[in-house]
Amino acid sequence: MADVHVSNHPLIRHKLTLLRDKRTEPKKFRELVREIAIMLAYEATQDLDVGPKAVETPMGPSDGFELKEHIGLVPILRAGLGMVEGIWEMMPSAEVWHIGLYRDERTLRPVEYYNKLPVAPTVQVCLILDPMLATGGSAVATVDVLKRWGAQRIKYVGLIAAPEGIERLSSAHPDVAIHLAAVDERLNNIGYIVPGLGDAGDRQFGTG
Ligand code: PRP
Ligand code: URA
């Protein structure tokens, strides 16, 4: 059974609409990617483990909590980069592990060009960050890399998915929870999500 969470938070729906708008310029686009990513990560991390931690307030002792799990943020280059900073501010002890993949425009297959993971995993939970889950090829390849590395718990955090991408990722890796801001209608004949938002990398970086 696919573990898919599509946020219906009003702020996310509002901001996602601005993000989709073709008139939105790269500066505003980056700001929106950052903000929506923070909110999605907040929802995706609701089940993180906490342990007890006692502190002294100015008024006396207080029983509190501290995060027990070490988190890895794994942006897929390049479009996933825009999702890192805001989330990282919310969880400054997270590690950031970049994975470089691009989609071959002819075959739509992912081509890996960069990863610098250490020999053994240093985190308990990995959040894969990528705005677009289209055919699902890039997401599946990234989970494959992380699992070969030894990652135990992996979650995918994306902005917009096509049904085809969800199906592919959840069939290949049913243990990976998928957190999204929206699921769109379909892919077009060149593998773009419709209505989507166009090319997430180009719109962030002002290229294309
Ligand atoms: C985009 C996007 C995903 C991938 C999704 O990246 O950011 O990584 O396409 O497509 P898929 O689900 O069909 O694999 P792209 O290849 O355009 O690279 P870029 O981020 O460097 O622009
Ligand atoms: N990558 C994008 O940036 N947009 C899409 O619609 C599909 C893949």
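Two strands pair if DSSP finds at least two bridges between them. Helices (H or I, at least four residues) and strands (E, at least two) are DSSP runs, numbered from the N terminus.

The views below show a predicted model, so local features need pLDDT of at least 70, side-chain atom pairs count only at pLDDT 80 or more, and totals for chains, interfaces and linings use all residues. Residues are numbered from 1 along each chain as its sequence is written, chains are lettered from A and ligands numbered from 1 in the order in which they are written, and side-chain values use heavy atoms, with hydrogens and water left out.

**View 1. Strand 2 and strand 3 form a hairpin.** Strand 2 covers residues 50-57, and strand 3 covers residues 60-67. The two run antiparallel. How many bridges join strand 2 to strand 3? There are 8. The turn of the hairpin leaves 2 residues between the strands. To follow the pairing, start with Val50, which stands opposite Leu67 in strand 3. Then move to Gly51, whose bridge partner in strand 3 is Glu66.

**View 2. An open sheet is built from 3 strands.** The strand order is 9-11-13. The pairing is parallel. Which strands lie at the edges? They are strand 9, at residues 132-133, and strand 13, at residues 182-183. Each of these edge strands pairs on one side only. Strand 11 spans residues 160-161. Strand 11 is joined to strand 13 by 2 bridges. In one of the paired positions, Ala161 of strand 11 has Val183 of strand 13 as its bridge partner.

**View 3. Ligand 1 is surrounded by 14 residues.** A residue is near a molecule if one of its heavy atoms lies within 4 Å of it. Which residues of this shell come nearest? They are Arg103, Asp130, Thr135, Gly136 and Ser138. Several backbone atoms face oxygen atoms of the ligand in polar contacts (pairs of N or O atoms within 3.5 Å). A backbone N or O atom of Gly136 is 2.8 Å from an oxygen atom of ligand 1. For Ala134 the distance from such a backbone atom to a ligand 1 oxygen is 2.9 Å. For Arg78 the value is 3.1 Å. Taken alone, ligand 1 exposes 510 Å². The protein buries 90% of that area (Shrake-Rupley method, 1.4 Å probe). Which elements give two or more residues to the shell? Strand 6 (99-103), strand 9 and helix 4 (137-149) do. By class, the shell of ligand 1 holds 6 nonpolar, 5 polar and 3 charged residues. Here Ala, Val, Leu, Ile, Met, Phe, Trp, Tyr, Cys and Pro count as nonpolar, Asp, Glu, Lys and Arg as charged, and the others, Gly among them, as polar.

**View 4. Ligand 2 has its own shell of residues.** Around it stand Arg103, Met132, Ala134, Gly191, Tyr192, Ile193, Gly198, Asp199 and Ala200. Arg103 and Ala134 belong to this list. Arg103 also appears among the nearest residues of ligand 1, and Ala134 has a backbone contact with ligand 1. Ligand 2 meets the backbone too. One of its oxygen atoms is 2.8 Å from a polar backbone atom of Ile193. A nitrogen atom of ligand 2 is 2.8 Å from a polar backbone atom of Gly198. At Ala200, a backbone N or O atom lies 2.8 Å from an oxygen atom of the ligand. Taken alone, ligand 2 exposes 240 Å², and the protein buries 88% of that. The shell of ligand 2 comprises 5 nonpolar, 2 polar and 2 charged residues.

**View 5. A cis peptide bond joins Leu77 and Arg78.** Omega here is about 0°. Where does Arg78 lie? Arg78 is in the loop between strand 4 (71-77) and helix 3 (84-90). The backbone of Arg78 also takes part in the contacts with ligand 1.

**View 6. A cis peptide bond joins Val194 and Pro195.** Its omega is about 0°. Pro195 sits in the loop between strand 15 (193-194) and helix 6 (200-205). Ile193 and Ala200, from strand 15 and helix 6, are in the shell of ligand 2.

**View 7. Leu108 has a positive phi.** The value is near 65°, in a residue other than glycine. Leu108 lies in the loop between strand 6 and strand 7 (110-115).

How values were computed
Polar contact = N/O pair within 3.5 Å; in protein donor to acceptor, adjacent residues only side chain to side chain.
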